[in-house]
Amino acid sequence: MSATCSSIKPQEHNGDLQFINATPTQWRDVPQKAIKYAPKSETIMLSGGLTILQDQLIQAALVSLGENYISMPNPNFESFQTGKAYGNRGQCNPTYFTVGNLVKYLQNLRDEQGLSSEEIVQKYVYITAGGCGPCRFGMYITEYKKALRDAGFEGFRITSFEHDKGIFQGDDIDDEILQFTPKFFITLIKSVIIGDIINLLGYKMRPYELEAGSTDKAIEACKELISNAFLEKKSLIKALWNCRGVLEKVKLNRLQPKAKVMVMGEFWAAMTEGDGNYNLHRFLEAEGAECIPQPIINRLMLSIWEAERALHKNENLHVENAKKIDFSNVKTRALIKLGKIAIKTHFTIYAKAIGLDDYEIPNMEKLASLSKDYYTLDCEGGEGHLEVAHLIESVKENISHLVISVKPFGCMPSSAVSDGVQSLVTNRFPESNFLSIETSGEGAANFYSRVQMALFKAKQLAKEEFESLELPKEIPAKVHNYLYQPHNQKAGTAAQLLASLR
Ligand code: SF4
């Protein structure tokens, strides 16, 4: 039990002033004054923080369900500074960016759009992912509340869904405001999956475009097609099929030997596309590389795998007088299986429709078995064993020329634990080209120069790989069409294409 500051009074004892807790009371995070919140029909939900495309598709998807929902702009450096100004010391980087982004957005509503703080608190609510940690993730909601209070928005509502529960949310959700129904979740997941697929195609095409900006323009057009399909409740598969026509118009020269770089690490730092990781993906592309990003589906599959593992452990616990069959476990197992099948099926159908054929949904059992000798599978903080697994998989299966693990400054699971293990992995696999790098929100010059150094070797590897193959006399036109995606043991795209023509 902790006590409120006001209940601690200094008293004189033997000539010294001592702080004696007169009336201990339970500390509760509640506003000083009672607030009359707006009814659901007038409440506006805010969220954001995934990739730019995903945030926009989520907005279209949730608006199509009749929700009053706005995706906030991508967090930038100003968000980070706002987060630092109002947050506690010693937080990890994503906290400052995401908390600061919300405070900045609300300040803008107040200072630029003329809404009063009271009106903002009454009408708006923020949805975020929550969880019990074991890292700082468990403290995010408290951080949001502290920063909002200090910024003049005391009592602003934050509601969360637990990232590791997916559609199996508990009862602690404010269901007056947000109904986490299966329909809500399935629509949300569809928008996230489609965002993943289009993002993956964008990263495959952009480095090879002949006209700068043409891939982004095509992706923008695809976003419009998909958003309209959500809003008009039309077939998403048909909309994705129509995106093929848009993407095929982008002229590519894919026979350029570019270094392929896998970007992985802590979920938010590796996924965000902005100042949160110094625009790492765009920087790599500008330096002549092709990125393999970490789609959100990877994180979803990890969460499902963790839930399955926890259930398995639970079932094998010896409990005295336990029922022979625990029906709650049976139900959870069925829901997990259903969730896994639904995600995989949607991804496969949508990917086929738009023409992403060579992406394999990660096999979590395989990744676990690759990393289990290096990193315990029971540590669930951050990405758990996944960072180690990605590096080993990349080396063993020649997936990339460089693996960059990007992690926020102060991230416990990623910087402190995973990095320590990676030194053993790189020792055992000396052919690996691995860079572990921290983002602190500041110090971009140092960050970029370390990336450039690692990229130098990766570029050489890509060139050597390409030059070891013979250029055929005639290059078929299909080579430059994004729909042609041969799969072989070469890492670089250009080398993969050449090898497929032999
Ligand atoms: S994994 Fe790292 S960066 Fe992410 S919430 Fe936990 S401590 Fe922070």
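How many bridges join strand E7 to strand E9? In this predicted model, the count is five, linking E7 (residues 259-265) with E9 (residues 402-408), and the two strands run parallel. A handy place to look is Met264, which stands opposite Ser405 in E9.

The wider setting of this pair is an open sheet of four strands, arranged in the order E8-E7-E9-E10 with parallel pairing. Strand E8 (289-292) and strand E10 (434-439) stand at the edges, each with a single partner strand, so one side of each has no neighbour in the sheet. On average, and ignoring direction, neighbouring strands of this sheet are turned by 30° against each other. Helix H16 (residues 444-467) packs on the sheet, where it touches E7, E8, E9 and E10. The direction of H16 makes about 160° with that of E10.

Turning to a pair of helices, H6 (residues 182-205) packs with H12 (residues 327-354) at an angle of about 45°, and their axes are 10 Å apart. That angle makes H6 oblique to H12, and the crossing of H6 past H12 is right-handed. On the H6 side, the contact is made by Ile189, Lys190, Ile193, Ile194, Asp196, Ile197, Ile198, Leu200 and Leu201. H12 contributes Ile343, His346, Phe347, Tyr350, Ala351 and Ile354. Sorted by character, the residues of this contact between H6 and H12 comprise twelve nonpolar, one polar and two charged.

How values were computed
Residues numbered from 1 in each chain as written. Predicted model: local features only at pLDDT ≥ 70, side-chain atom pairs only at ≥ 80, totals over all residues. Heavy atoms only, no water. Axes fitted to C-alpha atoms, helices over the stretch in contact; angles between N-to-C directions. Parallel < 35°, antiparallel > 145°, perpendicular 65-115°, else oblique. Left-handed = near helix turned anticlockwise from the far one by under 90°. Contact = heavy atoms within 4.5 Å. Nonpolar A, V, L, I, M, F, W, Y, C, P; charged D, E, K, R; others polar. Pairing = 2+ DSSP bridges.
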